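Biologist: Could you show me this chain and take me through its folds and packing? I will ask, and you can reason aloud.

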Amino acid sequence: MEKIEHKMIVVNGINMHVAELGQGSTILFLHGFPELWYSWRHQIVYFAEHGYRAVAPDLRGYGDTTGAPLNDASKFSILHLVGDLVALLEAIAPNEDSVFVVGHDWGATIAWHLCLFRPDKVKALVNLSVHFFPRNPQMNPVEGLKLLYGEDHYVSRFQVPGEIEAEFAPLGAKAVLKKILTYRDTAPFRFPKGKGLEALPDAPIALSSWLSEEDLDYFASKFEKTGFTGAVNYYRAFPIDWELTAPWTGAQVKAPTKFIVGEVDVVYHIPGVKEYLHNGGFKKDVPLLEEVVVLEGAAHFVNQEKPDEINKHIYDFIQKF
């Protein structure tokens, strides 16, 4: 870990913190919510040792990346997030026409859209946990999730600026992160008003075996500093994302793709998702999809929970290109 290099790069009007290690073809690793470059610590070391250059930024609003206006969720649209990456690739890999991309959770969502907006930039894609969600022209995702899960669902609860931050504040970042990162239930995340995090069941053990006290302290140290607004703004931008992506309604993702999801990942258990992934709908939207892997016994934070298996899956796939 101490070999990993850290640098700040000015991209798209923000100062992006990047962790990187190794030489060779670039692999861009994109973290999810509520995470950091650090979520890819196992992958960075592994791929550097296997002849690749592993690059993992703190995304806009996260960690040591600064400059995004936290009080304006519209500056966290999917076009901003993809724009950050296009500028980052220009800065760090000017001689590579395209790179390998690996995304998890929100990072996967951004990676799907990078493929939609700039397919020329992606050599091959491995996405974890969050499959491609084709745009529904009838309804934005916040309304859709509200219909499905009600007002207590976390996406609904994240919409009002400052509200969830005020509920999280007295608990401290470490308690919030521990609850979310160790969540192993297939039922959706719910934060009922007044109850907040208490509504989430505790992890069955003090800490999930993959998340050490030291790991948790690292995550917490960054979120204590930044707060959660930057991270939550991604969800607040859902309605504007829906408006801005209208031109891509019905568009296909044209990158060679492998998708991996944990068997007990909450996203895998959204109604209709298993049918979409396994019965042809996903392949229709992502025609170059080569494989869907369901990892037995794994939950949402699969790249940290099962790093050896994930590393091998990624390596076996990108070696073909």
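Modeller: What follows is a set of short questions and answers on a predicted model.

Biologist: Which residues does UniProt list for "domain: AB hydrolase-1"?

Modeller: The label comes from an unreviewed UniProt entry. The span it covers is 33% helix and 22% strand. The C-alpha atoms at its ends lie 28 Å apart. UniProt lists residues 26-134.

Biologist: Take helices α2 and α3. Are they roughly parallel or roughly perpendicular to each other?

Modeller: Helix α2 covers residues 78-92, and helix α3 covers residues 106-117. Their axes are 9 Å apart, at an angle of about 80°. Angles of 65 to 115 degrees count as roughly perpendicular. That makes α2, relative to α3, roughly perpendicular.

Biologist: How many nonpolar residues are in the contact of α2 with α3?

Modeller: From α2 come I78, L79, L81, V82, L85 and V86. From α3 come W106, T109, I110, H113, L114 and F117. By class, two residues of this contact are polar and no residue is charged. The nonpolar residues number 10.

Biologist: Now α7 and α8. What word describes how they lie to each other?

Modeller: Helix α7 spans residues 173-181 and helix α8 spans residues 213-226. They pack with axes 9 Å apart and an angle of about 125°. That angle is outside the 65 to 115 range for roughly perpendicular, and roughly antiparallel needs over 145. The two helices, α7 and α8, are therefore oblique.

Biologist: How many charged residues are in the contact of α7 with α8?

Modeller: On the α7 side are A173, K174, L177, K178 and L181. They meet E213, L216, D217, F219, A220, F223 and E224 in α8. By class, this contact has seven nonpolar residues and no polar ones, while the charged residues number five.

Biologist: What about α1 and α14: is their crossing left-handed or right-handed?

Modeller: Helix α1 is residues 41-49 and helix α14 is residues 307-318. Their axes are 10 Å apart and meet at an angle of about 45°. The pair is therefore oblique. The crossing of α1 and α14 is right-handed.

Biologist: Which residues of α1 meet α14?

Modeller: On the α14 side the contact takes in P307, I310, N311, K312, I314, Y315 and I318. By class, the contact of α1 with α14 has seven nonpolar, three polar and one charged. The α1 residues are H42, Q43, Y46 and F47.

Biologist: Which residues in α1 are buried, and what do they pack against?

Modeller: The buried ones are R41, Q43, I44, Y46, F47 and A48. Strands β2, β3 and β4 are among their partners. The helix partners are α8, α13 and α14.

Biologist: Which residue joins F33 in a cis peptide bond?

Modeller: Most peptide bonds are trans. Here omega is about -15°. The partner sits in the loop between β3 and α1. F33 is joined to P34.

Biologist: F33 seems to have a distant partner in sequence. What separates the C-alpha atoms of A231 and F33?

Modeller: A231 is found in helix α9, residues 229-236. Leaving aside neighbours within four places in sequence, A231 is in contact with F33, G61, Y62 and F223. A231 and F33 are 198 residues apart along the chain, yet their C-alpha atoms are separated by 6.6 Å.

Biologist: Is R157 buried or exposed?

Modeller: R157 is found in helix α5, residues 154-157. Leaving aside neighbours within four places in sequence, its contacts include E151, D152, E163 and E167. Buried means under 20% relative accessible area. R157 has 3%, so R157 is buried.

Biologist: N12 and S129 each have a positive phi although neither is a glycine. Which of them is buried?

Modeller: Most residues other than glycine have a negative phi. N12, with phi about 50°, lies in the loop between β1 and β2. N12 is partly exposed, at 40% relative accessible area. The residue in the loop between β6 and α4 has 1% relative accessibility and counts as buried: S129.

How values were computed. Residues numbered from 1 in each chain as written. Predicted model: local features only at pLDDT ≥ 70, side-chain atom pairs only at ≥ 80, totals over all residues. Heavy atoms only, no water. Axes fitted to C-alpha atoms, helices over the stretch in contact; angles between N-to-C directions. Helix = DSSP H or I, 4+ residues; strand = E, 2+ residues; numbered from the N terminus. Parallel < 35°, antiparallel > 145°, perpendicular 65-115°, else oblique. Contact = heavy atoms within 4.5 Å. Nonpolar A, V, L, I, M, F, W, Y, C, P; charged D, E, K, R; others polar. UniProt positions renumbered as here; feature names shortened; annotations may be inferred. Left-handed = near helix turned anticlockwise from the far one by under 90°. Buried < 20%, exposed > 50% of the residue type's maximum accessible area, 1.4 Å probe, protein only.
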